[in-house]
Amino acid sequence: MLNENIKRARKAKGLSQEELAVKLNVVRQTVSKWENGLSVPDSDLLIFLAEELDTSVNALLGETIQEQEPDDLKTISEKLEIINLQLAKRAMARTKVIRWGLLSLCALIVIVYVVLAAMKSSYLGWDYSNPELAVAGTILHGFEFIFARLAPIVLLVCVVGVMLTWRKR
């Protein structure tokens with residue numbers, strides 16, 4: 001069956017055994033063996049053979065492919081729609097988690113600085129000759145530097161995002 005299908009497809013394409021062999025990087029005798037049923041191509045070569053002959057592997061193997069009914073297409077499209085809705089819900093949930101996480105981070109940073117201010121322990125007045133305090137003070141100062149510039153923007157974006165998320169409900 002395979003041998004006849006290869007021969008029929010090759011001739012329909014107007015190729016000689018030699019031309020087909022060159023395209024597949026095999027010798028002409030290999031193509032002859034396939035067409036005489038003495039051997040079969042391996043799976044990778046079968047895929048390339050189908051591509052060169054502009055047919056499917058199923059057609060070369062002699063398998064009949066049932067055409068999909070319109071109802072099958074409708075069922076598939078409904079399943080795809082459900083999957084797309086699930087993906088959209090996941091993306092929305094992920095966005096909410098990120099927004100609330102950023103809002104929580106901003107709130108935590110504000111709380112840390114309020115606690116530092118309430119304890120009247122300004123890290124700028126620390127004795128930086130102590131290496132541990134110098135490292136901690138430098139980290140806090142760098143953190144404050146970044147926070148003071150980015151936090152208002154992040155806070156604004158998060159608040160607007162949360163408000164938009166609530167409206168969509």
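Before we start, a definition: contact means heavy atoms within 4.5 Å. Helices are DSSP runs of H or I with at least four residues, numbered from the N terminus.

This is a predicted model, where local features need pLDDT of at least 70, side-chain atom pairs count only at pLDDT 80 or more, and totals for chains, interfaces and linings use all residues. Residues are numbered from 1 along each chain as its sequence is written, and side-chain values use heavy atoms, with hydrogens and water left out.

**Exercise 1. Find which residues of helix α4 are buried, and what covers them.**

Step 1: Get the cut-offs straight. Buried means under 20% relative accessible area, exposed over 50%, and partly exposed in between (1.4 Å probe, protein chains only).

Step 2: Go along α4, residues 43-52. You'll find Leu45, Leu46, Leu49 and Ala50 buried. They sit on the same side of α4, because their arc around the axis is only 140° (the arc takes the directions from the helix axis to the C-beta atoms).

Step 3: Flip to the other side of α4, where Asp44 and Glu51 are exposed.

Step 4: Look for the cover. The buried residues of α4 have α1 (2-13), α2 (17-24), α3 (28-35) and α5 (57-61) among the elements covering them.

Why does this pattern work? An α-helix has 3.6 residues a turn, so residues three or four places apart point the same way.

**Exercise 2. Work out where Glu35 sits and what it touches.**

Step 1: Place Glu35 in helix α3. The buried residues there are Val31, Ser32, Trp34 and Glu35. Their arc of only 160° around the axis puts them on the same side of α3.

Step 2: Check the number for Glu35: a relative accessible area of 6%, so it's buried.

Step 3: List the neighbours. Leaving out residues up to four places away in sequence, Glu35 touches Asn3, Ile6, Lys7, Arg10 and Gln17.

Step 4: See what covers the buried residues of α3: the cover includes α1, α2 and α4.

**Exercise 3. Find the residue with a positive phi that follows each helix, α3 and α4.**

Step 1: After α3 comes Gly37, with a positive phi near 75°.

Step 2: Just after α4, Asp54 has a positive phi of about 55°.

Note on methods
Helices (H or I, at least four residues) and strands (E, at least two) are DSSP runs, numbered from the N terminus.
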